Structures are given as C-alpha cells and as structure tokens.
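Work through the exercises below with the sequence and the model open. Each task is followed by a solution in steps.

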Amino acid sequence: MSELIYADNAATTALAPEALEAMMPYLTSEYANASQLYPFSRKARKAVENARAQIAACIGAAPEEILFTSCGTESNNWVLKSIALHPQKPQNVVTSCMEHHAILNTCKRIEQYGRLVRYLSVSKQAVVDAQELERTLNSDIEFGLVSLMFANNEVGSIQPIQELCTIVHRHHAFFHTDAVQAVGHLPLDVHELGVDFLSASAHKFNGPKGIGFLYKKREIELSPHLDGGSQEYGMRAGTENVAAIVGMAKALALNCARMKRVTEHLAFLEDLLLSLLREKRVHYVRNGASVHTPGNISLSFPGAEGEVLLHRLALNGICVSTGSACDSKRTQLSHVLQAMNMSEEQALGTIRISLGAHNTEEEVRILASTLHHILR
Ligand code: PLP
C-alpha cells in the first residue's frame with residue numbers, strides 16, 4: 001500500500017514515466033531553440049512537429065489544426081476573446097452555467113466589453129438541454145459562438161456534443177468545446193463531432209503541467225493570441241516549450257492506446273466503491289449523469305459537510321475534492337451543484353472522488369472504510 005491515496009485525478013494527474021522519459025533529452029542535451037536555423041535546432045523542431053502530428057492523430061485532426069498553448073485556460077481564453085471581441089465583427093456568446101471558471105470568468109470579461117453572453121441552464125444531472133440551445137439561437141439576438149464543455153469537471157456528466165454542434169451550425173455560429181476533462185479519457189474525433197474549436201490540457205491526461213493545446217478547424221480564422229515571433233503559424237508567439245510539448249504528445253498517445261483497459265478498470269473500481277459503501281450502510285446520493293467520465297464519482301452524504309470530510313480524509317492520507325480544484329479554497333457553494341438545482345444541504349455535503357489509472361482495488365477498499373469510519 002502506498003502512503004498517499006490520490007483520488008483527485010480530475011484536478012490533475014501524475015506524469016506518466018514514459019512522458020518524462022520522452023521529455024528528458026529536451027530538458028538536458030537537446031536544449032536548442034526549435035525555431036533556429038542551424039542543425040542543432042533540427043531535432044527540437046522535428047520533435048515539436050512529430051508531437052503535433054501525434055496529438056492530431058489522437059483526436060482525428062490534421063497536424064496544422066493543433067496549436068500549442070500553456071493550458072486549458074489559455075485555449076479557452078483564446079477562442080472566446082478572439083471571436084467575441086473581434087475588432088471588426090464582435091460576436092455574442094452562448095455558454096452554460098456549469099462551465100469551468102476558465103470559461104465563466106472569460107465570459108464576464110467579454111460582457112464588460114459590451115458583448116452579450118447567454119448562460120444555458122442545466123438539468124439535475126448536469127446536462128445541457130438541446131431545445132433550450134435551439135430556442136436561444138432562434139431568438140432575435142444574433143450569437144456567433146457557442147461554448148459548451150464536453151464533460152463536467154465536478155460531476156463528470158458528458159454532454160451530447162455532436163447534437164449540440166449540429167444545432168449551432170444550423171444557426172451559422174461557431175462551436176467550441178472545453179474538452180479538458182475528456183481528452184485522453186474518452187474516445188473523441190473532432191470530425192465526427194463537427195466542432196470548430198476544442199481545448200485540452202496535458203496535466204489532466206498524465207502529461208506535464210504548463211502545456212495544452214487548441215484544436216482549430218483549418219478553414220476558420222482566429223485572431224493571433226500572442227503577438228511576437230512566428231511560432232504556432234504566427235498565432236501564438238513565444239519560444240516553444242519543446243520538452244512539455246513532447247511529454248504531452250507521449251502522454252496523450254499512451255492514454256489513447258490504453259483507454260479501453262483503463263476505462264474498464266475504472267468502471268470496476270467505481271462499482272466496487274459504491275457497493276462497499278452500500279454494504280457498510282453508508283447513505284449517499286450519486287450526482288451527475290449516468291454517462292460520465294470514467295472514475296469521476298460525485299457523492300453527497302446527507303447531514304455531512306464536504307469540507308470536513310475532505311480534511312478528515314486528508315488526515316488519513318487520502319486526497320479528494322469538494323467542488324472543482326480551483327474552488328477548494330473558497331467556502332461558497334459550487335456553481336455547478338447550484339446549477340444542478342441541488343439543495344444547499346446536499347451541495348455542502350458533496351465530495352468528488354476522481355479515480356485514475358493508477359488507483360488500485362486496495363486503495364478503493366481503504367477509501368470506502370475510511371469514509372465509513374468518518375461518517376459514523
Ligand atoms: N476546463 C475544465 C473543464 C477544467 O476541469 C479545467 C481544470 O480543472 C480547466 C478548464 C482549466 O485547465 P488548466 O488547468 O489547464 O488551465
């Protein structure tokens with residue numbers, strides 16, 4: 001048994017050893033600037049382009065449709081601000097109330113600049129209603145961009161992205177999905193989905209922190225995000241983080257290759273945890289939709305306080321989360337649970353256990369008995 005039981009994989013994941021190994025040469029001997037012209041740069045440049053192709057292949061895109069960013073937050077900011085605050089053709093935006101703050105706070109900024117943002121409600125299972133989207137787009141207001149998350153970070157609910165995207169395109173708007181919780185965990189093909197933009201972040205799929213990417217459909221123009229050199233097709237200047245890019249591609253390729261096996265493992269652990277809790281007569285409510293990201297288990301314990309549970313579990317060496325990771329220092333109710341119309345009492349008694357590929361049966365048994373012990 002390892003000392004720490006890490007069950008907060010929706011917040012971040014452990015770096016895959018294979019990804020670290022792939023990164024090492026670019027952190028040591030192959031330190032050349034990928035954009036220089038001498039032979040010493042060739043290996044770094046080739047590594048960046050191979051990584052781009054590898055990532056593209058994992059999501060059914062073309063290599064030139066992948067743009068490297070520093071994280072999911074940056075990818076989201078880039079798309080939303082570039083389209084909504086376009087100097088000649090600014091656009092109104094539709095999103096949902098349960099998006100990550102990387103979207104919601106970007107929308108607040110867009111509103112400050114005079115654009116209109118409509119926030120769709122969500123069901124009790126944290127799923128967006130396609131009919132509400134249709135009604136919103138049918139209104140007199142013109143919306144140029146719809147941004148809806150692929151899978152919710154707090155409760156794991158997966159959205160009907162293909163259906164939502166078809167509606168959006170019928171109304172001649174662009175569709176962006178924040179797929180930070182989905183990429184590397186769910187089978188995903190951008191052409192099948194039809195999305196115009198997709199955001200992803202390496203540290204959520206066993207890659208390094210500080211690197212992410214944006215998928216942008218080839219034929220769509222997006223304003224440059226960082227002005228400067230000609231990196232990333234002149235759209236995001238700044239010397240390439242070669243090691244992180246290589247690590248991200250390696251981690252994503254590995255996760256995609258192992259996805260079926262890991263998904264089965266996580267389904268087994270999930271069932272085990274819930275059946276152990278039932279056996280021990282721990283009263284809980286499972287939140288979110290039945291179609292959810294593997295291993296994401298949001299549980300409410302009537303009469304309990306999620307934050308107290310979190311700290312008691314932490315004292316036992318177990319890491320879980322209340323609300324989303326970025327919220328864990330705030331005591332206010334999670335906006336996602338509120339959007340799901342959850343009572344204040346239930347929301348306060350909610351924790352998110354997010355299991356990952358490395359979690360074992362033994363760890364889940366310890367987690368269940370520790371939870372039982374604390375709640376008793
Ligand atoms: N979007 C979602 C759905 C997330 O869960 C997160 C992180 O928790 C982000 C965006 C932000 O990603 P990053 O940490 O790479 O900025």
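**Exercise 1. Place Glu240 in the chain and state whether Glu240 is buried or exposed.**

Step 1. Glu240 sits in the loop between H8 and helix H9 (242-279). Helices (H or I, at least four residues) and strands (E, at least two) are DSSP runs, numbered from the N terminus. This is a predicted model, in which local features need pLDDT of at least 70 and side-chain atom pairs count only at pLDDT 80 or more, while totals for chains, interfaces and linings use all residues. Residues are numbered from 1 along each chain as its sequence is written, and side-chain values use heavy atoms, with hydrogens and water left out.

Step 2. The relative accessible area of Glu240 is 16%, so Glu240 is buried. The cut-offs are under 20% for buried, over 50% for exposed, and partly exposed in between (1.4 Å probe, protein chains only).

Step 3. Contact means heavy atoms within 4.5 Å. Leaving aside neighbours within four places in sequence, Glu240 is in contact with Asn33, Ala34, Ser35, Val48, Gln231, Glu232 and Ile245.

Step 4. Glu240 and Arg281 are 41 residues apart along the chain, and their C-alpha atoms are separated by 53 Å.

**Exercise 2. Find how many aromatic pairs there are and describe their geometry.**

Step 1. A pair of aromatic rings is described by the distance of the centres and the angle of the planes. Rings of Phe, Tyr and Trp (its six-membered ring) pair if their centres lie within 6.5 Å; planes under 30 degrees apart count as stacked, over 60 as edge-to-face and the rest as tilted.

Step 2. By this rule there are two aromatic pairs. One of them is Tyr31 with Phe40, edge-to-face at 5.1 Å centre to centre and 75° between the planes. Tyr31 is exposed because its relative accessible area is 60%, and Phe40, at 34%, counts as partly exposed.

Step 3. Phe174 and Phe197 have ring centres 6.0 Å apart and planes at 75°, so this pair is edge-to-face. The pair links distant parts of the chain, with Phe174 in strand S6 (residues 174-178) and Phe197 in strand S7 (residues 197-201), 23 residues apart. Phe174 is partly exposed at 32% relative accessibility, whereas Phe197 is buried at 0%.

**Exercise 3. How many disulfides does the structure hold, and why do Cys97 and Cys107 not form a bond?**

Step 1. A disulfide is a pair of cysteine sulfur atoms within 2.5 Å.

Step 2. The cysteine sulfur closest to that of Cys97 is in Cys107, 11 Å away, so the two are too far apart for a bond. For Cys107 the closest cysteine sulfur is that of Cys97, also at 11 Å. The structure therefore holds zero disulfides.

Step 3. Cys97 is partly exposed at 27% relative accessibility, and Cys107 is buried at 0%.

**Exercise 4. Describe how H10 and H13 pack.**

Step 1. Axes are lines fitted to C-alpha atoms, for helices over the stretch in contact, and angles run from 0 to 180 degrees between N-to-C directions.

Step 2. Helix H10 (residues 306-315) packs on helix H13 (residues 361-375) at an angle of about 125°, and the axes are 10 Å apart. H10 is therefore oblique to H13; angles under 35 degrees count as roughly parallel, over 145 as roughly antiparallel, 65 to 115 as roughly perpendicular and the rest as oblique.

Step 3. Leu309, Arg312 and Leu313 in H10 meet Leu367, Thr370, Leu371, Ile374 and Leu375 in H13.
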